[in-house]
Amino acid sequence: MTYADYPDTAKNNARKALNHKKDNGSSCGTRVGWLRANQIANGEGLSEDTVQRTYSFLSRAETYDQGKYFDENGNEICGSIMYDAWGGSAMRDWAEAKFKKIERKKESKAMAKYNIDILGEISESVNSYNSVKSKINDAKGEEINLVISSGGGSVTEGMGIADLIANYPNETTATGIGLVASIATVVLLSADKVKMTENAFLMIHRPWSYTMGNADELGATAGLLDKMEAKLLDIYTASVYKRKGYQNNLNENITKMMAAETWMTAQEALEFGFIDEIVKVGEKNINLLPLQNSLSKFLNVPAALLTNNKKDDDMGNSILEKIKNLLNAVDEKVEDVMTEEEVITEEPKNNEVEMAITMLKDLGYFVMSPDEMEAIHTKQKEEMESMYKKTDEQKNSINEIESVLETLGKELVALRAQVKKGVGLPSGGTTSEKIIETKAKSSHFDSFASLVKSKISQR
């Protein structure tokens, strides 16, 4: 884009300087300076770069402008002549305003870049091809900034995401932070411009998979892994070639790096040619805990990723190693005379246990002492015993009620039979005896009601 809307005063100043040169054969200025004078005098469009250079020159040359072309001795004042040749004060004011406007536009455009984060595992459910595709579609052609921190995941999902980024019509920039490993490296390298923060790590390795099946099925999986490995090798090689050009044995070197599960710092990745730039972010420790699930599946994790980076940490050991040494110390010396394989475990000393507990609490874990755990266990045991006891009492109550109901049922059958036949009690006797016996029988109902009521109150 060019700009030709500078004021007529600037054009007239340039023409004035050109006429002076024509009339006096001036020796002032350079070929570029007089070329600029002709452009301005003719009202030609100036590029953004030319506007910037014009503003820069006039800002410095202003101090040499004396408002006249000759001094008292008749000598040319080159500063004044060339100041006008570039358009003078009118051109300086216009170029300053135009330059600042262009810069603001660039800043606004940079801020308008669409941001996409790929943080964590790459899979069909998290950071999937479809989810990233949706985000890229939302960018609507704007430049894209990607921030990637991932231990990898699904090769097919990652390859698909990389293709989306590589084929995006506008510029893409990807920045790796923390850890970029396995298939996540392919996603990172698919952008037009690739950066890493100075504390980040890049890891490449051979693809692997969990599988089961018969010999044919396992063979097919092995064949697929070989194809994936070949594709990854092509991508890594092309990425390095793009930045470093041809290198002897490049394929062989990267193949060895993949086989060895190679971890690179940002500086090493830059020097080898995997990335374009290191982003300076100052001192910043790597938070290990969110990466644990990713780190656990790799073999050669750098110590820097496992180290507690606090400045006051004099021990310099990794968090995992500390806890292992404090809580799971194992004596690997096994006596030859042992008839059974066994591992002798040292009991951690009290002060070591306290150190481990303090460390875990600082990392956000909730840690209970053995006494607290025993108290909880005892309370749970008592609650279970109480529940079982209550259940047994309820069973006994039900059995008692069923026994009373059975007795009452039998007596009711006998009473109905007597009433039907119009006879006395089964044992005979007088009317008064019948009345007494009937009252005695009715007391069973009262007893049953009392029993039920008492059992209900106990519940």
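Which residues does Ile 118 touch, not counting residues up to four places away in sequence?

**Entry 1: the cores**

I began with Ile 118, in a model that is predicted. With residues up to four places away in sequence set aside, I found that Ile 118 touches Asn 127, Val 132, Leu 146, Val 147, Ile 148, Ser 149, Ile 161 and Val 187. I then looked up the core to which this residue belongs. Ile 118, Tyr 236 and Phe 274 are the residues with the most contacts inside the largest nonpolar core, which has 45 residues. I also noted a second core, separate from that one, with 28 residues. Tyr 6, Ile 40, Leu 46 and Phe 99 are among its members.

**Entry 2: the chain as a whole**

I turned next to the totals. The chain contains 17 helices and eleven strands. Of its 459 residues, 34% are buried. I also looked up how far apart in sequence the contacting residues lie. Among contacts between residues at least 6 apart in sequence, 69% join residues at least 24 apart.

**Entry 3: helices H6 and H7**

I recorded two values for each helix pair, because two packed helices are described by the angle between their axes and the distance between the axes. For helix H6 (residues 129-138) and helix H7 (residues 155-166), the axes come within 9 Å and cross at roughly 15 degrees. Angles under 35 degrees count as roughly parallel, and H6 and H7 are therefore roughly parallel to each other. Their crossing is right-handed. On the H6 side the contact is made by Tyr 129, Val 132, Lys 133 and Ile 136, and on the H7 side by Glu 157, Gly 160, Ile 161, Leu 164 and Ile 165. I sorted these residues into six nonpolar, one polar and two charged.

I then examined Asn 130, which lies in H6. Its relative accessible area is 57%, so I entered Asn 130 as exposed. Asn 130 and Glu 157 are 27 residues apart in sequence, and their C-alpha atoms are 8.8 Å apart in space.

**Entry 4: helices H7 and H9**

I followed H7 to another partner, helix H9 (residues 215-244). The axes of H7 and H9 come within 12 Å and cross at roughly 30 degrees. The crossing of H7 with H9 is left-handed. Val 155, Thr 156 and Met 159 of H7 make the contact with Met 228, Lys 231, Leu 232 and Ile 235 of H9. I counted five nonpolar residues, one polar and one charged in this contact.

**Entry 5: helices H1 and H2**

What angle do the axes of H1 and H2 make where they cross? I found roughly 130 degrees for helix H1 (residues 8-24) and helix H2 (residues 31-41), whose axes come within 8 Å. That angle makes H1 oblique to H2. The crossing is left-handed. From H1, the residues Ala 10, Lys 11, Ala 14, Arg 15, Ala 17, Leu 18 and Lys 21 meet Trp 34, Ala 37, Asn 38, Ile 40 and Ala 41 of H2. I divided them into eight nonpolar, one polar and three charged. Ile 40 was already in my notes as a member of the second core.

**Entry 6: two residues with positive phi**

Lastly, I looked up backbone angles. Ser 182 is not a glycine, although its phi is positive, about 60 degrees. I located Ser 182 in the loop between strand S5 (172-181) and helix H8 (183-189). Is Ser 182 buried or exposed? At 13% relative accessibility, Ser 182 counts as buried.

Glu 261, also not a glycine, has a positive phi of about 50 degrees. Its place is the loop between helix H10 (250-259) and strand S8 (262-265). I entered Glu 261 as buried, because its relative accessibility is 9%.

Definitions and conventions
Residues are numbered from 1 along each chain as its sequence is written. This is a predicted model: local features need pLDDT of at least 70, side-chain atom pairs count only at pLDDT 80 or more; totals for chains, interfaces and linings use all residues. Side-chain values use heavy atoms; hydrogens and water are left out. A nonpolar core is a set of buried Ala, Val, Leu, Ile, Met, Phe, Trp, Tyr and Cys residues joined through side-chain atoms within 4.5 Å. Buried means under 20% relative accessible area, exposed over 50%, partly exposed in between (1.4 Å probe, protein chains only). Contact means heavy atoms within 4.5 Å. Axes are lines fitted to C-alpha atoms, for helices over the stretch in contact, and angles run from 0 to 180 degrees between N-to-C directions. Helices (H or I, at least four residues) and strands (E, at least two) are DSSP runs, numbered from the N terminus. Angles under 35 degrees count as roughly parallel, over 145 as roughly antiparallel, 65 to 115 as roughly perpendicular and the rest as oblique. A crossing is left-handed if the near helix is turned anticlockwise from the far one by less than a right angle, and right-handed if clockwise. Ala, Val, Leu, Ile, Met, Phe, Trp, Tyr, Cys and Pro count as nonpolar, Asp, Glu, Lys and Arg as charged, and the others, Gly among them, as polar.
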